[in-house]
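Subject: The structure I promised you

Hello,

Here is the structure I said I would pass on. Please have a look at it first, and then read on for my notes.

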Amino acid sequence: MVTADISKAVRRVDAVAKCEGTIKYVSDYAFDDCLWGRLVRSSIPRGIIKAIHLPQMPDGYRFITYRDIPEGGHNYLHMIATDWKCFAENEVRYVGETIGIMVGPDKTTVENLREQIKIDYEEQTPAVTIDEGLECKGGAFVNQDNIHCRLSLNVGDVDAAFKKADKIITETIETGFQEHVYLETNGACVKPEGDHYVVMASAQCPFYIAKSISPLLGVTPDKVIVRQTTTGGAFGGKEHFPDVVCGPLLLAAYVMKKGVKMVFDREEDIENSVKRHPSKVVFKTGLDKDGNIIAMDSTVCYNVGGYLASSYVVLQRGCFHVTGCYSFPNIRSVGLGVATNTFPSCAFRGFGAPQTLFAIETHMDHIAEMQGLDPLEFKKRYFIKQGDTTSTNGKIVERVMIPEMLEQVMKASDYERKAKEYKWGQGRGIGISFYNHGGAFTGNGEQAIIKARVKLHKMKDGTVEILCSQTEMGQGFHTILPKIAAHVLEIPMEKVIFDDPDTSRVPDSGPTAASRSTMIVGELVERAATLMKPRYAKEEDFTVETHYEHPDGFPWDQNTFQGYAYLGYGWGVCAVEVEVDPCTAEITTKGIWSSHDAGHLIDERIVHGQVNGGVIQGLGWGSTEVMQNVGGHFKQTSMSDYIIPTSMDFPKQGVYFVENPYEWGPFGAKGMGELVFNGSAAAYIDAVSRAIGKRINSIPLPTEDVMGYLMHGTELDAPIEEVR
Amino acid sequence: MSTMKTEIKFTLNGKQVKTTTDPLRRLIDVLRNDFDCKGVKEGCSEGECGACSILFNGKMVTSCIIPIGAADGQEIMTIEGISQTEKGKVITDAFADGGAVQCGFCIPGMVIAAYYLLENNPDPTEEEIRLGISGNICRCTGYDLIVESIRLAAERGRKLWKK
């Protein structure tokens, strides 16, 4: 039977099968009757395709391009925007852009034929970095100015405040590409079946795939049935990117009248998949004569790559989080999505928020340090509270427990003593960061755009099936959702079925993204189970359905970005302690402590696992995960040169929570899958900065760069300027 | 392209097996495709991530960088075999109870690493466990709960591993 407190940990339903290796990922299916596919891609970052030379094709082998799209079909992928082409036509905008798909029965022969395809290009000068994009290097290729998208936010009167300011400080903070490195690479199979197609894919969002690729054949999304296969990690990298994999497979299945399958190897996956947006945030902050912040202006630039796809929404979330956990009287933020000739950037855990949160935390540290203040004491002055105004002129609806969380982290880490004892630049440092993450889709997006629906089906034998489109990708949702239903219905969890979604049999409850699954879909399941409960014993076979309703009284305008962006945030405080070897510049992390507010936890061990993984992924982003793009080509293409953390790199974490039930979440739960990523990099960099006695204004910071900071003296301090 | 096929005999999970194949084929492909050992996962194809770990004459190796020819006459255990042993079940149970498993793609290799570690060191410290699994990359868990689960397995399986 269910336990009294829903937070008490249960065994994950998939744990044993995953340990034994019996659960099937997409590469574990034989798909015996299917052909193999291999994408043929652009080898240059920018240019015009002049000619494609094909080798002699044996019987049953074919090279398929946009020219094979049937009449009525469209050569685009419908993500949020529709600009990302499924196949390049004349121009190519990035290395790795799909030009065609080579298909045939034997994998090795397909590979050999692909290698013999020669493409002639007229090469053009690429713009690779944010600055090159803004300068329109090689000429603008998106709009007149290489700006894919822009937005601005305004609270109070920044210009008037700047006129009154005693000092105005400017500073630029930058972050790099990050590769997801889900352990399972991308893969899918698309088969024709009767008058429709069946997609089996490693993916986060089955309905996204159907909507995105069905226009290729000019058919409605219901003609493309998507069945998710067990997904070996995603982190946002399988939110929209499976569309890029499945689109060419769909066209190939149509042309060949046979199923076509494709699984990337690691090198293909790293070189040719979406990444976290590199960012550049320029702050201009006005201080009064006592050193208090009276206005903050920021320009938030994200490297979007060749196509816009979902990046406008990423940029929006970035700007909404640019003031972090602080309240300032006058705020202005301009967001620019910059077009470059790199692989389009896309969703990655945090969806734009980590970049600006790293930026604000680091900027606040530096303003404090300039004034000779402890960063913590300085930040405390501005902690946002319930009822305070947000960056979008909304209010914070919930109680903000940062003081309580800070207390836990300070006690566990002995912050106060260490911050005093470890002198600036003496080899040891402790850093601290504050962060949040707005749960679910922004504003009224859950009601206006997603319109989530779930069904619960009670069967004769007492079994209850949950029908929704949420996916398990490692985060534990196959356990969380049945736990919620079982708890409400007061039946054993084993009586609740929740399978990988099949779009032909489940309602669309929205994407598994945006930290929305527990908070929004979990709530719908809780309500559905509550409706089912009084009928459960009396009726043999029936279904109940619920749909999302946004609470009244929290207006949001998606055109002006004004109002209540998020009803519930997750909140976090993280401290990191480091020691730097003065000879080798090696950094040893001595301790990691964090406290999070995720409302009431549905399963404390699952949430604990999310905290551990998110914090370490954030530390990787801040330290070793260097992904360079040189001349349009990613330099790191394997797991031996793109370095993600191992078990030896970071010590055991201290993990703490506060209890802060969320009014509109299931049992009081809020989103937390992304939150836990958002703050560890800033705490780490704060610690390293104190240990080596230098301001640091960009990540990642691998050991070789620390050596650079140590060897080159103060001039390598991040430039922070007083304008007045 | 195709080299001469050779008959290769080896012990797979305690059973004598044979296959006639190109001796340069990767062991991972032969295990997965010819013997249906789908628990052997391919994560990186270069011996870096440990998802394809197996025991080769009792030693942990990554099967993506070993040619099948090298297996002739040797003894191979995959997760399919290990998970059915008494020790394997203790580890699996501890992983499930300790919250070691998230997406699961690294986990069969991680179970092999835990098994190999405990065979050689039945009572490992946290540091020794971290070292023991350092060749196995996990992107989900941050390792803490895997480390604790291996510790749990060591405690529960004390009688099994103590010589």
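To start with a small detail: which residue takes a positive phi in the hairpin of β3(B) and β4(B)? It is B:Asn57, with a phi near 50°, in a hairpin that has two residues between its strands. Strands here are DSSP E runs of at least two residues, helices are H or I runs of at least four, and both are numbered from the N terminus. The two strands of the hairpin, β3 (residues 53-56) and β4 (residues 59-62) of chain B, run antiparallel and are joined by four bridges. B:Ser53 faces B:Thr62 of β4(B) across the pair.

Before the rest, some housekeeping. This is a predicted model, in which local features need pLDDT of at least 70 and side-chain atom pairs count only at pLDDT 80 or more, while totals for chains, interfaces and linings use all residues. Residues are numbered from 1 along each chain as its sequence is written, and chains are lettered from A and ligands numbered from 1 in the order in which they are written.

Now to chain A as a whole. Chain A holds 18 helices and 28 strands, and its C-alpha trace spans about 75 × 70 × 50 Å along the principal axes. Its radius of gyration is 26 Å, which agrees with the value near 27 Å for a compact globule of 724 residues (taken over C-alpha atoms; the rule is 2.2 Å times the number of residues to the power 0.38). Of the 724 residues, 59% are buried, meaning that 20 or more other C-beta atoms, placed from the backbone, lie within 10 Å of the residue's own.

The domain division of chain A, which comes from an automatic or database assignment, gives domain 1 (15-23 + 445-547), domain 2 (31-124 + 186-271) and domain 3 (279-442 + 563-627 + 644-722). The C-alpha centres of domains 1 and 3 of chain A lie 33 Å apart. Their contact takes 21 residues from domain 1 and 24 residues from domain 3, where contact means C-beta atoms, placed from the backbone, within 7 Å. On the domain 1 side, α15(A) gives the largest share, seven residues.

You may like the six-stranded open sheet of chain A, with order β7-β15-β14-β13-β8-β28 and mixed pairing (two strands pair if DSSP finds at least two bridges between them). β7 (147-155) and β28 (720-722) of chain A each have a single partner strand, so one side of each is left without a neighbour in the sheet. Within the sheet, β8 (residues 167-175) and β13 (residues 279-287) of chain A pair in the antiparallel sense over nine bridges, and A:Thr172 has A:Val282 as its bridge partner in β13(A).

A second open sheet in chain A has three strands in the order β4-β2-β6, with antiparallel pairing. Its edge strands are β4 (91-92) and β6 (118-123). A:Gly47 stands opposite A:Val92 in β4(A).

Finally, the largest nonpolar core has 280 residues, counted as buried Ala, Val, Leu, Ile, Met, Phe, Trp, Tyr and Cys residues joined through C-beta atoms within 7 Å. Helix α6 (residues 241-256) of chain A supplies the largest share of this core, eleven residues. Among the residues with the most contacts inside the core are A:Val688 and B:Val111. The residues that A:Val688 touches include A:Gly429, A:Ile587 and A:Leu701.

Best wishes

Note on methods: A residue is buried if 20 or more other C-beta atoms lie within 10 Å of its own, exposed if 12 or fewer, and partly exposed in between; C-beta atoms are placed from the backbone. Two residues are in contact if their C-beta atoms, placed from the backbone, lie within 7 Å. Lists of a residue's contacts leave out its neighbours within four places in sequence.
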